Amino acid sequence: MIFASDNWSGAHPAVNDALARHGEGMAAAYGTSDLDKAVEKRFDELFEREVAVFFVGTGTAANSLAFASVNRPGGVVLCHREAHVIEDECGAPEFFTHGARMAPVDGSAGKIDPVRLKRELERFKPDFVHAGQPMAVTVSQPTEVGTLYTSDELDAISAVTRGKGLTLHMDGARFANGLVATGQSPAEMTWKRGVDILSFGATKNGCWCAEAIVVFDPAKASQFPYIRKRGAQLFSKTRFVAAQFMAYLDDGLWLELAGHANRMADRLRSAIDASPHARLAWPTVTNEIFAVIEKATAERLRTKGAVFYDWNPPHDAHDLIGPDEMLARLVTSWSTSESDVDRFAESIEAGA
């Protein structure tokens, strides 16, 4: 009953097979192999336009180098208060941008409020050098609390960023899970909504180590090869990342895996919702679940082998949790089985 994170899951057999198959023989290094070029072309097809793609090893690297590519002196990236880039990346965005800072914006359900975003941006006066200057806005899709931006919400944020001449970045660590939940195409959830750069995650959804930075206007990516090299993310044997993406995207495997994870989350949500000893903290639709659980019940679940994380409540949700309760995050993955969920359901039903 491992619900700690989809990072705990292994690599899908198709990904392992691709790594073994493409690991034989010789291939050009540093992203110049035929396989690398074929996968880059696959991204063009996926997003229905020519894009620039840069493979990296981690989601933190993808986000940080994306910001570095649009940095300005005194640069500021506006993000939601609970965003991964401000809460969970140990200052990496600031480090790789050589001093840019993350500025929080409030909004319910883990989503930036476009009215508040506009208000925050108005605090940066062009003639007030001490405040620095905004360079980008970043949204997480799905968000850090498992919710999703609607198309209208992304359009509203994009309108604000466009009005200020800023880059709109999307952190897509669980991009596939969000895509399946919305039923949209990759294009509809990104550049058609005004997104300029996407951190495209695959490691959480069946790959071994595969993340990509997708720049939707290749003309704006001319300096990115140097930024990636300087950031120590240009692997010599990039074919091993490309091989993972080739298997991942082939025949819709990535959407199949994300769909399974989301369905297992639905099953888990139903079990929590039916229990007298726990309740859903707020609605989610992807593979992340946030539940308020009696402390005694949580301890009992763990003694039975359940693994999940205690979670800090969002800044606007502290009143959700009683003195004898805790907030837990539970995450399903492509390898979560129905039996895992059903065992959890039986255990949580029994309570303390």
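His22 lies in helix 1 of this predicted model. With a relative accessibility of 24%, His22 counts as partly exposed, because the buried class ends at 20%. Leaving out residues up to four places away in sequence, His22 touches Leu35, Arg239 and Ala243. Leu35 stands 13 residues from His22 along the chain, and the C-alpha atoms of the two are separated by 8.6 Å. Two of these partners belong to helix 10, for His22 meets that helix as part of a wider helix contact, in which Arg239 and Ala243 also take part.

**Helix pairs**

Helix 1 spans residues 13-22 and helix 10 spans residues 239-249. The table sets out the geometry of this pair beside that of two others.

| Helix pair | Axis separation | Crossing angle |
|---|---|---|
| Helix 1 and helix 10 | within 8 Å | roughly 140° |
| Helix 2 and helix 10 | 9 Å | about 40° |
| Helix 6 and helix 7 | within 9 Å | roughly 15° |

Helix 1 and helix 10 are oblique to each other, and their crossing is right-handed. On the side of helix 1, the contact is made by Ala14, Val15, Ala18, Leu19 and His22; on the side of helix 10, by Arg239, Phe240, Ala243, Gln244 and Ala247. By class, the residues of this contact are seven nonpolar, two polar and one charged. The spacing of such contact residues along a helix has a general background. An α-helix has 3.6 residues a turn, so residues three or four places apart point the same way.

Helix 10 also packs against helix 2, which covers residues 34-47. This second pair is likewise oblique, but helix 2 passes helix 10 in a left-handed crossing. From helix 2, the contact draws on Leu35, Asp36, Ala38, Val39, Arg42, Phe43 and Leu46. Opposite them in helix 10 are Arg239, Ala242, Ala243, Phe245, Met246 and Leu249. The residues here divide into ten nonpolar, no polar and three charged. Arg239 and Ala243 thus appear in the contact with helix 1 as well as in the contact with helix 2.

The third pair joins helix 6 to helix 7, the latter running over residues 151-163. At roughly 15°, helix 6 is roughly parallel to helix 7, since angles under 35 degrees fall in that class. The crossing of helix 6 and helix 7 is right-handed. Pro114, Leu117, Lys118 and Leu121 of helix 6 meet Ala156, Ile157 and Val160 of helix 7. Six nonpolar residues and one charged residue make up this contact, with no polar residues.

**Buried positions**

Helix 3, residues 59-68, is largely enclosed by the rest of the structure, because eight of its ten residues are buried. These buried residues are Ala61, Ala62, Asn63, Ser64, Leu65, Ala66, Phe67 and Ala68.

Asn177 has its place in helix 8, which runs over residues 175-182. With a relative accessible area of 3%, Asn177 is buried. Apart from residues up to four places away in sequence, Asn177 touches Ala258, Ala261, Asn262, Thr286 and Asn287.

Ala131 sits outside the helices, in the loop between helix 6 (114-121) and strand 4 (133-140). Although placed in a loop, Ala131 counts as buried at 15% relative accessibility. Beyond its neighbours within four places in sequence, Ala131 is in contact with Val76, Arg101 and Phe124. The C-alpha atom of Ala131 is separated by 32 Å from that of Ala212, a residue 81 places away along the chain.

**Cysteines**

The model holds zero disulfides, a disulfide being a pair of cysteine sulfur atoms within 2.5 Å. For Cys79, the closest cysteine sulfur is that of Cys90, 15 Å away, which is too far for a bond. Cys79 is also buried, with a relative accessible area of 0%. Cys209 is in no disulfide either: the nearest cysteine sulfur belongs to Cys207 and is 9.4 Å away.

Key
Residues numbered from 1 in each chain as written. Predicted model: local features only at pLDDT ≥ 70, side-chain atom pairs only at ≥ 80, totals over all residues. Heavy atoms only, no water. Buried < 20%, exposed > 50% of the residue type's maximum accessible area, 1.4 Å probe, protein only. Axes fitted to C-alpha atoms, helices over the stretch in contact; angles between N-to-C directions. Helix = DSSP H or I, 4+ residues; strand = E, 2+ residues; numbered from the N terminus. Parallel < 35°, antiparallel > 145°, perpendicular 65-115°, else oblique. Left-handed = near helix turned anticlockwise from the far one by under 90°. Contact = heavy atoms within 4.5 Å. Nonpolar A, V, L, I, M, F, W, Y, C, P; charged D, E, K, R; others polar.
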